[in-house]
Amino acid sequence: MDPTDEEASANQLSSDDIEQNFLTQFSSMVTTDKEELIHQFQSIGENVNYSTATFFLDMTNWNLQAAVGCYFDFMAQNRQPSMKLLNDITVGKGEKITPNTAIKLTWLLQNNGEVAWPSGTYVSLRQIPNLREQNIPLSYEDLKYYVPAVLPNDTATVSVQLVSPSTVGLFETVWSIYTPSGISFGDNIISRIEVSADGTMAVTQQFSHLQTSSTAELNPQQSAPESQPNQLDDSEMWG
C-alpha cells in the first residue's frame with residue numbers, strides 16, 4: 001500500500017475504532033499486578049494520569065478491559081463543544097464608520113471539536129473590555145444570535161447587527177459563543193471599529209447588499225420590543 005494511502009486510512013479511524021482496538025488489546029492481558037494494570041491503563045492516552053487510572057480500575061474491581069470501557073463511555077458523555085474563529089469577513093472591514101450608523105459584523109466560525117454544536121447555541125456580547133474588572137451588569141445580556149447545530153469540522157457564517165457609537169474614536173466589542181444553558185466555549189471574537197465623520201463602511205455594506213440577491217443571515221432574539229430591534233445604547237455596546 002502506498003504510504004499516503006496508509007496515512008489517509010489511519011486518519012479515518014474514528015474514536016469508536018480506537019476504543020475497540022484498546023478493548024481488544026487489553027482483553028488478552030492477564031495480570032493481577034495493580035501497578036502494571038495502572039501502567040497499561042495510562043497507555044490509552046497522554047492525559048490519563050495515575051489517579052484517573054486508579055479510579056476507573058478500582059471502580060471495575062481491577063478489570064482492565066471493563067475499566068477502559070467505562071473510561072471511554074465517560075469521556076463520550078462529557079465531551080464539550082468547541083469553536084475556532086477562522087476569519088473576520090465583515091464587508092468593509094478596516095473602513096471607518098459614521099456615528100449612530102447600523103452596521104453588520106460577519107465572521108466565519110468552525111466547529112473544531114468532536115461533537116456537534118447543540119441546537120439553541122448562540123453568539124452574544126460577552127463584555128466591554130474596559131469594564132472587565134468592574135463586573136458591572138449590562139443590559140445587552142439578552143441580545144442573542146442563534147447559530148445552527150454545526151457538525152464537527154464544518155463551518156458557519158454568523159452575522160450580527162449593531163449600531164455604531166455616537167462619538168468618534170476607536171471602539172471594540174467582545175463576543176462569545178454559548179451553549180443553550182449559557183456556558184461559553186471556543187475562541188473569543190473581538191471586533192474593533194473606528195468611528196469617524198468621514199466613515200464609508202455603511203455605504204460599502206449597502207452597496208454589497210444591493211449586489212447580493214440573498215444572504216444567509218441569522219436573526220437575533222432579544223427581549224427588546226420588535227419595533228426597536230438592536231436599538232441598544234452605544235455606551236453599553238462598545239468599549
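**Figure 1. Thr106 touches Asp88, Ile89, Thr90, Thr157, Val158 and Ser159, leaving aside its neighbours within four places in sequence.** Welcome to the first close-up of this predicted model. Thr106 is part of strand E2. Is this residue, Thr106, buried or exposed? Its relative accessible area is 9%, so Thr106 counts as buried, the cut-off for that word being under 20%.

**Figure 2. The whole protein chain, for orientation, has seven helices and eight strands.** Before zooming in again, it helps to get your bearings. The protein chain has 239 residues, and 34% of them count as buried. Now consider the contacts between residues at least 6 apart in sequence: 73% of these join residues at least 24 apart.

**Figure 3. The largest nonpolar core holds 26 residues.** Which members of this core touch the most other members? They are Trp107, Leu109, Trp117, Val123 and Trp175. Several elements each supply at least two residues of this core: strands E2 (102-110), E3 (122-127), E5, E6 (169-178) and E7 (184-195), together with helix H6 (201-211). There is also a second, separate core of 14 residues, with Ile38, Ile44, Ala53 and Leu64 among them.

**Figure 4. Trp117, seen with its contacts, belongs to the largest nonpolar core.** Leaving aside neighbours within four places in sequence, the residues in contact with Trp117 include Pro81, Ser82 and Met83. Further along the chain, the contacts of Trp117 also include Leu109, Gln110 and Asn111, as well as Val147, Pro148, Ala149 and Val150. Ile177 and Phe185 are in contact with Trp117 too. Keep Asn111 in mind, for the next view turns to that residue.

**Figure 5. Asn111 sits in the loop between E2 and E3.** Is Asn111 buried or exposed? Its relative accessible area is 0%, so Asn111 is buried. What does the side chain of Asn111 reach at 2.9 Å? The partner is the backbone oxygen of Val150. The Asn111 side chain also reaches the backbone oxygen of Leu151, at 3.5 Å. Not counting neighbours within four places in sequence, Asn111 is in contact with Ser82, Ala116, Trp117, Val150, Leu151, Pro152, Asn153 and Asp154.

**Figure 6. Asn61 and Asn153 are two residues to look at for their backbone angles: Asn61 has a positive phi of about 55°, and Asn153 has a positive phi of about 75°.** Why pick out a positive phi? Most residues other than glycine have a negative phi, so a positive one is worth a look. Asn61 is not a glycine, and neither is Asn153. Asn61 lies in the loop between helix H4 (50-59) and H5. With 67% relative accessibility, Asn61 counts as exposed. Asn153 lies in the loop between strand E4 (144-146) and strand E5 (155-163). Its relative accessible area is 58%, so Asn153 is exposed.

**Figure 7. Helix H5, with its 14 residues, has end C-alpha atoms 20 Å apart.** How does that fit with a rise of 1.5 Å a residue? The expected span is 20 Å, so the two values agree. At the start of H5, a side-chain oxygen of Asn63 comes to within 3.2 Å of the backbone nitrogen of Gln65. Which residues of H5 are buried? They are Leu64, Ala67, Val68, Gly69, Tyr71 and Phe72. Take Phe72, found in H5 (residues 64-77): with a relative accessible area of 16%, Phe72 is buried. The C-alpha atoms of Phe72 and Ile44 are 9.9 Å apart, although 28 residues separate the two along the chain.

**Figure 8. H4 and H5 pack against each other at an angle of about 115°.** Two packed helices are described by the angle between their axes and the distance between the axes. Here the axes of H4 and H5 are 8 Å apart, and their crossing is right-handed. From H4, the contact is made by Thr52, Phe56, Leu57 and Met59, and from H5 by Leu64, Ala67, Cys70, Tyr71 and Phe74.

**Figure 9. Val168 lies in the loop between E5 and E6.** Is Val168 buried or exposed? With a relative accessible area of 55%, Val168 is exposed. Val168 touches Pro99, Val195, Ser196 and Ala197, not counting residues up to four places away in sequence. Val168 and Asn100 are 68 residues apart in sequence, and their C-alpha atoms are 10.0 Å apart in space.

Notes:
Residues are numbered from 1 along each chain as its sequence is written. This is a predicted model: local features need pLDDT of at least 70, side-chain atom pairs count only at pLDDT 80 or more; totals for chains, interfaces and linings use all residues. Side-chain values use heavy atoms; hydrogens and water are left out. Helices (H or I, at least four residues) and strands (E, at least two) are DSSP runs, numbered from the N terminus. Buried means under 20% relative accessible area, exposed over 50%, partly exposed in between (1.4 Å probe, protein chains only). The expected span of a helix is 1.5 Å times one less than its number of residues. A polar contact is a pair of N or O atoms within 3.5 Å; within protein, one must be able to donate a hydrogen and the other to accept it, and residues adjacent in sequence count only if both atoms are side-chain atoms. A nonpolar core is a set of buried Ala, Val, Leu, Ile, Met, Phe, Trp, Tyr and Cys residues joined through side-chain atoms within 4.5 Å. Contact means heavy atoms within 4.5 Å. Axes are lines fitted to C-alpha atoms, for helices over the stretch in contact, and angles run from 0 to 180 degrees between N-to-C directions. A crossing is left-handed if the near helix is turned anticlockwise from the far one by less than a right angle, and right-handed if clockwise.
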